[in-house]
Structures are given as C-alpha cells and as structure tokens.
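Biologist: Got a minute to walk me through this one? Please put it up on the screen.

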Amino acid sequence: MKKGINWKTVATSLVCLALMALVIFRPSFDARVAVEKKVGTAEGFTVTEVIGEKAVDQNRLLFLYLGEKGEIDCAAVKKNFGLYRAEAVFGYLPARESGPVESGGSRAHLLYCPYRKGDWYLCYGVIADQDVAKVSFGEQEMEELQYGGVRIVYCWGKGDPDADFSLRDAQGRELSLVKE
C-alpha cells in the first residue's frame, strides 16, 4: 500500500520550528524593546520614557528616548513585517525634564553620528540657549521637538560627514556655538 504525505505532521513540524525560531531569535514587536535588547538587557538597561519616534523612510525610524540615567539617547531602528530591530544606538546628551539644559557656555549640545555604511548620518542635539531659532547640519535644517521644556533637534540623511553645524537666531543671523 502506497503511503502519501501526512500533511498534519508536516504542519505541526512547521509550527514547532516557527515557535523555536521565535524563542531563539526573540523578535521585538516594538521599538522600545528592540533598543533595550541592543543596549543590553544583561546590564538591566531600560528605556525610561519614549520622547519620540520619527519615520525617516519606509522601514526605518529615529527613536529618541530618555535613558535610565536621565540622558537623552537616540537609536536607528529598522522595521520589517511588524518586527523591530535596533541597528545602532547613539550618544548621550544631558537632559532636564523640568526645564532648559544647563548650557555651560554652549548654545547647543550637538552630536554627529555616522550610520550604517557609506555617507549616511544621524545628528541630534539639545538646544541650551533660547536665542537659537534654527540649527542646520550642512545644507539640511534640523527638525525640532519639545520634551518637558527641553528643545531637541534631529536630522538624518546622506551627505558630507565633514559638514558643520550652524545655528541661527530668529532674524536668520548666524550664531557661534559658544555664547560670548
């Protein structure tokens, strides 16, 4: 007697393999968990608060968050089929939820972060001086968002990594980074 394929056994085996893959690879279903995994659950790191998620293309987002020491951090997160993976985690900027960041003589604390391969970059920072109306990196104007009285700027792009940050006041005049 000729036996055929037992489809019930095949289906059960595939389901078991899929469940094992989920347990082994532990995919993240949100950006916060993906970042916590990337930074290191061994150290017990947690994202204290999500500041913002900004889509930069179809599959990637810029994830700004408050770290466990009260700092503002940023990550590049990739999303595929509803699963998130933190590709890179950047920087450490001072933050105060209750008001402006202490300047220490600087008008802004800005970070340039090379990303992936080639000339892709991610920049973000905190504006410490109310005279600053706009911040640019090279030719790209940085976007701004408010978080608990803190002004955060960011941009993502492809271009010259040797470009400079420029700060402008409300009248469009260029400001030096250090307040005189």
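**Strand pairing and beyond**

Modeller: Let's start with a detail: Q146 has R151 as its bridge partner in β10. Keep in mind that this is a predicted model.

Biologist: OK, and what is the bridge partner of L145 in β10?

Modeller: That's I152. The strands involved, β9 and β10 (residues 150–158), pair in the antiparallel sense over 5 bridges.

Biologist: How many residues sit between β9 and β10 in the hairpin?

Modeller: There are 2 residues between them. G148 is in that turn, with a positive phi of about 50 degrees.

Biologist: Zooming out, what's the strand order in the open sheet with β10?

Modeller: The order is β5-β6-β10-β9, so 4 strands with antiparallel pairing. At the edges stand β5 (108–114) and β9 (143–147); each has a single partner strand, so one side of each has no neighbour in the sheet. On average, neighbouring strands here are turned by 20 degrees against each other, ignoring direction.

Biologist: Now the sheet with β1. Which strands are its edges?

Modeller: That open sheet has 4 strands too, in the order β1-β2-β3-β4, and the pairing is antiparallel. Its edge strands are β1 (49–55) and β4 (83–93), and each of them pairs on one side only. The twist averages 20 degrees from one strand to the next.

Biologist: How many bridges join β1 to β2?

Modeller: There are 6 bridges, and β1 runs antiparallel to β2 (residues 60–66). One example is V50, whose bridge partner in β2 is Y65. A hairpin with 4 residues in it links β1 to β2.

Biologist: Which helix lies across that sheet?

Modeller: Helix α2 (residues 31–39) lies across β1, β2, β3 (72–80) and β4. Against β4, α2 runs at about 65 degrees.

Biologist: Switching topic: how many salt bridges in the whole structure?

Modeller: The search finds 7. One of them is R107 with D129, where the closest N and O atoms are 2.7 Å apart. R107 lies in the loop between β4 and β5, and D129 in the loop between β6 (120–127) and β7, so the pair ties together parts that are 22 residues apart in sequence.

Biologist: And the surface? Which residues make the nonpolar patch?

Modeller: I5, W7, V10, L14 and L17 make a nonpolar surface patch of about 550 Å². L17 is found in helix α1 (residues 7–25).

Biologist: Which element has the lowest mean pLDDT?

Modeller: That's α1, with a mean of 72, while strand β7 (residues 134–137) has the highest, 93. A general caution applies: where pLDDT is low, predicted coordinates shouldn't be read in detail.

Biologist: What's the mean for the protein chain?

Modeller: The mean pLDDT is 79 for the protein chain, and 82% of its residues reach 70 or more.

Note on methods:
Residues are numbered from 1 along each chain as its sequence is written. This is a predicted model: local features need pLDDT of at least 70, side-chain atom pairs count only at pLDDT 80 or more; totals for chains, interfaces and linings use all residues. Side-chain values use heavy atoms; hydrogens and water are left out. Patches are made of residues with over 30% relative accessible area and no salt bridge: like charges are joined within 9 Å, nonpolar side chains (Val, Leu, Ile, Met, Phe, Trp, Tyr) within 5 Å. Accessible areas come from the Shrake-Rupley method with a 1.4 Å probe; for residues, only the protein chains shown count as cover. A salt bridge is a side-chain nitrogen of Lys or Arg within 4 Å of a carboxyl oxygen of Asp or Glu. pLDDT is the predictor's confidence in each residue, from 0 to 100. Two strands pair if DSSP finds at least two bridges between them. Axes are lines fitted to C-alpha atoms, for helices over the stretch in contact, and angles run from 0 to 180 degrees between N-to-C directions. Contact means heavy atoms within 4.5 Å.
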